[in-house]
Amino acid sequence: GKGEYDHFMLKEIHEQPTALAQALEGRIDPENARISLGDFEPGTFEDVSSVQFVACGTSYHAALYGSLTLKQAGIQSDALLANEYSVSAPPIDEETLVVAVTQSGETADTLNALRHAAAEGATTVTVTNVVGSTAARAADEALFIRAGPEIGVAATKTFSSQAVMLTLLGQRIVEDQFGEPAVDFETFLPELATMPSALDDILVRSDAEAIANRYEDSQSYFFIGRGLGFPVALEGALKFKEITYEHAEGFASGELKHGPLALVTPETPVFAVFTGEEDEKTLKNASEAQTRGAPLVAVCPEGHRAVDVADAHLEIPETVPDLAGLLANVQLQLVSYYAADALDRPIDKPRNLAKSVTVE
Ligand code: M6R
């Protein structure tokens, strides 16, 4: 049941610290600066020359996140919409690793992409929440995110767990390729180990409800971010439109000036995600929207320069850029939830949508 919560979505948002702790259990060893991912022993991905992630919706945003961490580490990688894969897949051979990312493991588009890749000779891995799902069985290997059942149609805790597991899988691939991880494990793993408590901090202290109420009469809601903040902006907008039925869009911060700025008015709040990747540029892009009258909501740590400039602030604990976006995402989940709640939407079952989409 929903327990003390009004909706499964809110319950699942609050389950994130536990879900993440479960995902990390036995998989990271901060003291010895090591990761261990069950079946994937060191060397498993030695021969991989490129990585293609295939997914839809929120899982696609997690895939963008994972793919970007790989690219930043110097590995050829792309996140691809599974529903576009049959018309747009890059070349595949035996050295291609195709990673299907799917909470349910039953999404038809993702299964099709996975099967296509396997038929072309790729090595396949499924990252999923559901043991025994079709996608878990259809791939060479499966990596389980262990988030526990997700009932709300809007994916919340599974995004966080997917993004973290994809980052760990990525680091294993990098280690296998280059003999060492791309990030300094002595900093990164202890930081990762503190994520459940960082999430807890956000859940206890978030101002998301007040901010959702403050901007509830707006016309459109924009979400911007750069680097790992970009998939978070896309996810923020997807969640917002899915459960509030209000218009929302996510952009790369730098894209605003290439068109979307024409839409910006005092009726279009802009939520800007700061991850520590060229934040100055993001702040400049956000300020341009603010100059046109848009209220600016900065999602960033206390003491960040954006706090002084913005009209409102959603605080996230200080962390490394690889993880900051995940914290920001939780604040945006809460904004969507409270905005939808104020509008009295059927939050757990938005109109026209299904939890798992088993048709093409
Ligand atoms: O089960 P999957 O992760 O494959 O589902 C993919 C999408 O249908 C799903 O993430 C959808 O976008 C969510 N309802 C978004 O909250």
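The crossing of helices α9 and α14 is right-handed, and this report on a predicted model starts from that pair of helices before turning to a group of strands and to two buried residues.

**Two helices that cross**

Helix α9 covers residues 195–205 and helix α14 covers residues 321–342, and their axes come within 10 Å of each other while crossing at roughly 30°. Angles under 35 degrees count as roughly parallel, and α9 and α14 are therefore described as roughly parallel to each other. The side of α9 in this meeting is made up of Met195, Ala198, Leu199, Ile202 and Leu203, which meet Leu323, Leu326, Leu327, Val330, Gln331 and Leu334 in α14.

**Strand β6 and its partners**

How many of the six residues of strand β6 are buried? Five of them are, so that this strand, residues 123–128, is mostly covered. Strand β6 pairs with β5 and also with β7, and the table sets out these two pairings.

| Strand pair | Residues of the partner | Sense | Bridges | Residues standing opposite |
|---|---|---|---|---|
| β5 and β6 | β5, residues 96–102 | parallel | six | alanine 100 and threonine 126 |
| β6 and β7 | β7, residues 141–144 | parallel | four | valine 127 and leucine 143 |

Between β5 and β6 the chain passes through helix α5, residues 108–119, and this β-α-β crossover is right-handed. As a general point, the side chains of a regular strand alternate between the two faces of the sheet.

**A buried residue in a loop**

The loop between β5 and α5 holds threonine 107, and a reader may ask whether threonine 107 is buried or exposed. Its relative accessibility is 15%, and because buried means under 20%, threonine 107 counts as buried. Leaving aside residues up to four places away in sequence, threonine 107 touches Cys56, Thr102 and Val357.

**A buried lysine in a helix**

Lysine 239 lies in helix α11, which is formed by residues 229–244. With a relative accessible area of 1%, lysine 239 falls under the same 20% limit and is therefore buried. Which residues does lysine 239 touch, not counting those up to four places away in sequence? They are Met9, Thr58, Ala154, Ala155, Thr156 and Ser336. Lysine 239 can also be compared with glutamine 333, since the two are 94 residues apart in sequence, while in space their C-alpha atoms are 6.9 Å apart.

Definitions and conventions
Residues numbered from 1 in each chain as written. Predicted model: local features only at pLDDT ≥ 70, side-chain atom pairs only at ≥ 80, totals over all residues. Heavy atoms only, no water. Buried < 20%, exposed > 50% of the residue type's maximum accessible area, 1.4 Å probe, protein only. Pairing = 2+ DSSP bridges. Right-handed = clockwise from strand over helix to strand, strands pointing away. Contact = heavy atoms within 4.5 Å. Axes fitted to C-alpha atoms, helices over the stretch in contact; angles between N-to-C directions. Parallel < 35°, antiparallel > 145°, perpendicular 65-115°, else oblique. Left-handed = near helix turned anticlockwise from the far one by under 90°.
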